[in-house]
Amino acid sequence: STQSTGTKAWRRITCMADHASLQQTIDNLHSWAVRNRMIFHPGKCRALTISPRSLLVQDISSVKFNLFSVLPFFKYFYSLDGVDLDYVDMQKYLGLLITHDLGWSSHSDYIISQMTYKFNLLRRTCYFLTNSSYKRTLYLSMVRSFIEHCNCIWNNIGLVKLYKLEGLQKRIIKWIRNEPLVSYSNTNYFHHLKDLNILPIKELFIYNDLRLFYKIINNLVPLPLPHFITLVGASSVKYSTRGKSAIQEGLDYTTLKDSLNIKTHSALSGSFFHRTRTLR
C-alpha cells in the first residue's frame with residue numbers, strides 16, 4: 001500500500017459541534033484512504049491549534065467569543081484509526097514552519113541556520129573557486145533561494161532578524177568578492193550589491209510584496225483581495241492640497257482603501273495585504 005502524505009484538514013473550532021465535524025472529516029479521510037489502498041500513518045500525523053492570543057483577547061466583547069478558547073488546559077482531542085493524535089506547537093508545511101500563534105520567529109531562525117549551513121558548505125567545498133560570477137551563481141541558487149521561498153508570507157520578522165539576514169549576506173558578499181577579511185561600511189556594502197546586481201534583504205522583501213500585490217489587483221493570479229481592501233477610482237480620491245480637487249482620470253492611478261481597524265485587529269497589522277497596502 002502507498003502512504004498518504006501532505007494531507008491537511010482544518011476547521012474553525014468554536015463549540016463541540018465544530019470539533020465533532022472535524023473529527024468526522026478525519027474519519028472520512030481514513031475511510032477514503034482504506035478504499036484506495038492507502039494509509040495515513042497515525043504516528044506521523046499531528047494536531048496543531050492556531051489561535052493568536054492577542055486576537056482572542058480583543059474579541060472578548062464579541063458575541064461569538066468563547067471563554068474556553070483562551071484557557072491553556074482546554075483542548076479538543078482527535079484520533080485517527082483509533083489512535084490519538086499528538087498536539088504540537090509548530091509544524092512544517094510546504095517549507096514553512098507554521099506555529100500556534102502564526103508568528104514567524106521560528107521560521108526565520110530556521111532560514112538563517114539553513115543559509116549559514118549552506119554558505120559554510122560552499123566555502124569548504126569550493127575553496128579553490130575565485131571567479132566572482134561563479135560564486136554569485138552558487139549563492140543565488142543554493143543559499144539565497146531559502147529567502148526567496150514564500151517570503152511574502154513570512155517576511156514580517158522584525159528588525160533584529162532582518163539585521164541578522166543582512167549581516168549574513170554581507171559576509172557572503174565578501175566571500176564572493178574574495179575579500180573575507182575586509183571591513184565593509186554600509187555605503188561600500190550597498191555599492192558592491194549594486195555591482196553584483198543583488199538586492200538588499202529588506203528591498204527584496206518589498207519588491208516581492210509589491211510584485212505579488214500587482215498581480216493580485218490585476219487578476220494575474222487566482223487570489224482575491226480581502227474584504228477590508230477595496231479599489232477606489234481616481235475620481236473619488238482627493239489631492240492633499242488646499243483646493244481638494246479631484247484626481248483626473250488618465251493622470252493618476254487608481255488607489256486602494258483599507259478599512260481594517262488595526263486597534264481591534266492588531267494580529268493582522270503585519271499581514272501581507274495590510275503591510276503591502278501601507279508601503280510608502
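## Aromatic pairs

Eight aromatic pairs turn up when the whole structure is searched. The model is a predicted one. One of the pairs joins Phe119 and Trp175 in an edge-to-face arrangement, with 5.8 Å from centre to centre and 80° between the planes. Because Phe119 belongs to helix α3 (residues 105-125) and Trp175 to helix α7 (residues 158-176), the pair ties together parts that are 56 residues apart in sequence. Phe119 has a relative accessibility of 2% and so counts as buried. Trp175, at 10% relative accessibility, also counts as buried.

Tyr127 and Phe128 form another edge-to-face pair, 5.6 Å centre to centre with 85° between the planes. Here the rings are exposed residues: Tyr127 has a relative accessible area of 66%, and Phe128 has a relative accessibility of 56%. Elsewhere, ring pairs connect Phe213, Phe272 and Phe273 as a cluster.

## Lysines over tyrosine rings

Two lysines of the model are placed over tyrosine rings. Lys170 lies over the face of Tyr189, 5.3 Å from the ring centre. In the case of Lys174, the charged end sits over the ring of Tyr184, at 5.6 Å from its centre.

Tyr184 and Tyr189 also appear among the contacts of Ile173.

## Salt bridges

Side chains of opposite charge can pair when their charged atoms come close. In the whole structure, four salt bridges are found. One of them is between Lys161 and Asp109, whose side chains meet at 2.4 Å, N to O. This pair links distant parts of the chain, with Lys161 in helix α7 and Asp109 in helix α3, 52 residues apart. Lys161 is buried, its relative accessible area being 13%, whereas Asp109 is partly exposed at 34%.

A salt bridge also joins Glu148 to Arg144, where the closest N and O atoms are 3.8 Å apart. Glu148 counts as partly exposed at 37% relative accessibility, while Arg144 counts as buried at 4%. In the salt bridge between Arg177 and Glu179, the closest N and O atoms are 3.4 Å apart. Arg177 is partly exposed, with a relative accessible area of 27%. Glu179 is partly exposed as well, with a relative accessible area of 23%.

## Nonpolar cores

The largest nonpolar core has 31 residues, of which Met115, Ile147, Trp154, Leu165, Ile172, Ile173 and Phe205 touch the most other members. At least two residues of this core come from each of β8 (96-99), α3, α5 (145-148), α7, α8 (186-196) and α9 (201-217). The element that gives the most to this core is α7, with seven residues. Helices α3 and α7 are also the two elements joined by the Phe119 and Trp175 pair and by the salt bridge of Lys161 with Asp109.

Ile173 is in contact with Tyr184, Tyr189, His192, Leu193, Leu196 and Ile198, leaving aside residues up to four places away in sequence. A second core, separate from the largest one, has eight residues. Leu22, Ala33, Leu80 and Leu85 are among them.

Note on methods. Residues numbered from 1 in each chain as written. Predicted model: local features only at pLDDT ≥ 70, side-chain atom pairs only at ≥ 80, totals over all residues. Heavy atoms only, no water. Phe/Tyr/Trp six-rings, centres within 6.5 Å; stacked < 30°, edge-to-face > 60°. Helix = DSSP H or I, 4+ residues; strand = E, 2+ residues; numbered from the N terminus. Buried < 20%, exposed > 50% of the residue type's maximum accessible area, 1.4 Å probe, protein only. Lys NZ or Arg CZ within 6 Å of the ring centre and 35° of its normal. Core = buried A, V, L, I, M, F, W, Y, C linked by side-chain atoms within 4.5 Å. Contact = heavy atoms within 4.5 Å.
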